[in-house]
Amino acid sequence: MSLKRRQIAGYFFAIAFLATAGIAAQMQLVLRVAPLISLGAGVTALLFSRNQAFFLVAMYVAGASLAEPDFASWSVDGLIQLGIFLGLNLGISLVMDRLRLTLQSARRLERNYHMIANSTGDLILAYANDRSLMFVNPAVEVLLGYSIPEFRRLALGQWIHADDADRAAGMIERVFAGEAFSDVEFRVVTHSGQIRWFSVTWGPLRDAKGRQIGIHAVERDVSDRRRMRETLDFNLAQLQVAKVQAEQQAAELKRLNQELRTTRDAAVEAAQAKSYFLATMSHEIRTPMNGVIGMSQLLLESPLNPEQKELAQTVLTSGQALLTIINDILDFSKIEAGKLSFQVAPFQLRKQVEEACELLAEAAARKGVDMVCWIDHSVPHTVRGDEGRIRQVLLNLVGNAVKFTGQGEIIVHCTAVGESDKGWRVRFVVRDTGIGIPVEAQARLFQPFTQADMAANRKFGGTGLGLAICRELIEKMGGQIGLASQPGQGAAFWFEIGLEKPPSTEPFSVDSSLAGRRALVIAPHKATRDYIAYTAQQWAVRIECAATVSEGMERYQAAAATILPYSCLLVDSGAPDARVFEQLSKAPLIYLASRIDAAALVALPLLITKPVRQDALRRTLDRAIYGPEPAREAQVQPRVIAQAPSDHRILIAEDNPVNQRLARRLIEKLGYKADIVNNGLEALKAIERKSYDVILMDCQMPELDGYEATRRIRDGQTGKTRIPVLAMTANAMAGDREKCLDAGMDDYITKPVDLRCLREALEKWTGQSGTGPGREQDVAPDNLVGLESSFK
């Protein structure tokens, strides 16, 4: 019933009781019917509302006043009854209000419980003690696929899977007996026959007095969780298997590591043995090679007949070839060991390239091959880099060009291809007209121990290490190396490297004293003519060229009739009828000759050996145009040895008799006085008896080696002048130089001794300088043989 209808009904009953009260008042029965009126008011308040009940009481009081107008005449009993009536009526109203609120709260709570049960995703069940279903929420339709009426017709536990039915039935009986279970998992069968896993919580259902009236159950679908757990269990099992396998692999790895450690130790021992063997062999080979090459050089400077000179030259060339092979093997072993070292220092690039070409010019001339060393004007004068390594690569590439070229020419070209704030990018090209290299062989050419022709009956020998070493050197200097070749058309090997700018350099000035002069070059090889003309451009000299003597004669006669005749003529001695100009030419005559041809022209006043060096060309043009120098005779005589002051004395500590004789001859040839001792102990005694300017110390000597002898010398020099000690040793492996310096030595010279290196080292540590063997000057060809051909 709605609120409005209850209020209307309440007023209707109140009016009915009011009418009854009015009749009772007219009949003067007010006091007697007062309990009845009070009961009516209570019933009205209970069934409808308090307003109607108080309305009824108010009307009753009004009726009683009408029945007895004199209110004051009411009796005491009547007032007491009225008070009882009002109090009882008020108490009943309050009790009725409390009961109504309690009932409303209970109904509201019941609705909330039903709403929660109906909205949850879990299945909620309640069964009475007689196994009848008391409650089931709508989740049964989603979880099991049954409608609520269909589910009510199922017996308790009928939806549980047959394999779990017995276990579930036993637990249900125990729940009816008062026990409780939580999170028990069972399989259930849905209405569609699908099997799913449920987690069930069962417990007894009790009333307000604690009496069990049934059981309740909350069931949750855990199929996904079950699958995840099964997957996790499977993964854990797999992990366990993997763990076992990992432990087995770890054990195997430990065993392999032990084997590798053993193998590594064996490899280290083998590498140490290899290094010791190489160092020993290097020392043992270099020691006699020092005598062979050094004595051959000295022999070639002595008076010999042509046959003796040829035999001595053969010995020197063979020794140098053997030394080249030894150096290649040592460099390759250093590369393999990762101990290849580089020394960056300022040097003159043009001079270095020209000297490298000069060393092999004679071998090329003997084959009739013309060599040109072409250096562009763009090439800087002084740079910073590893002079020795660049020289090594150039010698290897030029040496290969000489070996594989039977006729034609070899051009060594050097040019700067880029410049930055830090330095220059310099490109070197060695181009020949030799046999060329097949394309299929070019890919393996820079590999160790490989050559273009690997056949057993190949024409050209060699170790096959040279180009591999060149590649390693260039790449470690941050450069690139390559080649371009076709069979029968020669080859062009090139490499590019970066060279640094020196910290400070003096500006390179060009003398202009030859500006405006006119000269004629007569040479059969175009490259030689072109390079002389190119080089003379920087001095503003006008160069004209002729390929033959007849063409040159025509040009000479035509120029002689003009106001500007030729200031000089440059004639290749290899050209037919080259000496015809000696009688006809009024201009100075300069001959261009290979080193082997220069011997026949030694009496000529002006001579330039090929390949033409820029400074030699400039100096000779000056002499031709401005007249000969007073010291001209010295230029065609054997080398003049600078005499060092008599107080410069050298101590040589060397145990090998041949090397002792060679060292003494070299030192005396350089103008110094020398004393010789056989070991380190004798060296210590010698410096106590006499003062020496420099000590040349061999490293491996009996009784006391050079390392320990140097340490003792340094220990005994406290407060004294330090004596320079220079290692002169056959030890040339990686780390030998550092070992010498760590022992207290000041410099390092390897055997076979290069005369030029020895001279420079002695000048450096004695302060003596002058003109001596190995210093750049124009000399007779006989004196060039062997003096500058010891490779480092």
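Below, a colleague questions a modeller about a predicted structure.

Modeller: This is a predicted model, with residues numbered from 1 along each chain as its sequence is written; local features need pLDDT of at least 70, and side-chain atom pairs count only at pLDDT 80 or more. Totals for chains, interfaces and linings use all residues, and side-chain values use heavy atoms, with hydrogens and water left out.

Colleague: How many helices and strands are there in the protein?

Modeller: Helices (H or I, at least four residues) and strands (E, at least two) are DSSP runs, numbered from the N terminus. Counted that way, the protein has 24 helices and 22 strands.

Colleague: What share of the residues count as buried?

Modeller: Buried means under 20% relative accessible area, exposed over 50%, and partly exposed in between (1.4 Å probe, protein chains only). The protein has 792 residues, and the buried share is 45%.

Colleague: Among contacts between residues at least 6 apart in sequence, what share join residues at least 24 apart?

Modeller: Contact means heavy atoms within 4.5 Å. Among contacts between residues at least 6 apart, the share joining residues at least 24 apart is 65%.

Colleague: How many salt bridges does the structure hold?

Modeller: A salt bridge is a side-chain nitrogen of Lys or Arg within 4 Å of a carboxyl oxygen of Asp or Glu. By that rule the structure holds 41.

Colleague: Which residue forms a salt bridge with arginine 225?

Modeller: The closest N and O atoms of the pair are 3.2 Å apart. The pair links distant parts of the chain, 40 residues apart, with arginine 225 in helix 8 and its partner in strand 3. Arginine 225 is partly exposed at 45% relative accessible area, whereas the partner is buried at 15%. That partner is glutamate 185.

Colleague: Which residues are linked with Glu185 and Arg225 in a network of salt bridges?

Modeller: The network links Glu185 and Arg225 with further residues. Those are Arg226, Arg229 and Glu230.

Colleague: Is arginine 391, in its salt bridge with glutamate 355, buried or exposed?

Modeller: The two side chains meet at 3.8 Å, N to O. Glutamate 355 sits in helix 10 (residues 349–366) and arginine 391 in helix 11 (residues 387–404), 36 residues apart. Glutamate 355 counts as buried at 12% relative accessibility. Arginine 391 has a relative accessible area of 8%, so it is buried.

Colleague: Why are lysine 526 and aspartate 530 separated by about one helical turn?

Modeller: Their side chains meet in a salt bridge of 2.5 Å, N to O. Lysine 526 is exposed at 52%, and aspartate 530 is partly exposed at 27%. The separation is about one helical turn because the two are 4 residues apart in helix 14 (residues 526–536).

Colleague: Which peptide bond is cis, with omega about 0°?

Modeller: Proline 611 lies in the loop between strand 17 (607–609) and helix 17 (614–626). Lysine 610 lies in that loop too. The cis bond joins lysine 610 and proline 611.

Colleague: Which side chain does lysine 610 join in a polar contact?

Modeller: A polar contact is a pair of N or O atoms within 3.5 Å; within protein, one must be able to donate a hydrogen and the other to accept it, and residues adjacent in sequence count only if both atoms are side-chain atoms. Lysine 610 is buried at 10% relative accessibility. Leaving aside neighbours within four places in sequence, its contacts include Asp572, Leu592 and Arg595. The polar contact is 2.9 Å, to aspartate 370.

Colleague: How far is cysteine 414 from the nearest cysteine sulfur?

Modeller: A disulfide is a pair of cysteine sulfur atoms within 2.5 Å, and the structure holds 0. Cysteine 414 is in no disulfide, and the nearest cysteine sulfur is that of cysteine 373. Cysteine 414 is buried, with a relative accessible area of 1%. The distance is 7.9 Å.

Colleague: What is the phi of aspartate 183?

Modeller: Aspartate 183 is in strand 3 (residues 181–189). At 59% relative accessible area, aspartate 183 is exposed. Its phi is positive although it is not a glycine, at about 55°.

Colleague: Where is arginine 131, with phi near 70°, found?

Modeller: The phi is a positive value in a residue other than glycine. Arginine 131 is partly exposed at 37% relative accessible area. The place is the loop between strand 1 (123–128) and strand 2 (133–136).
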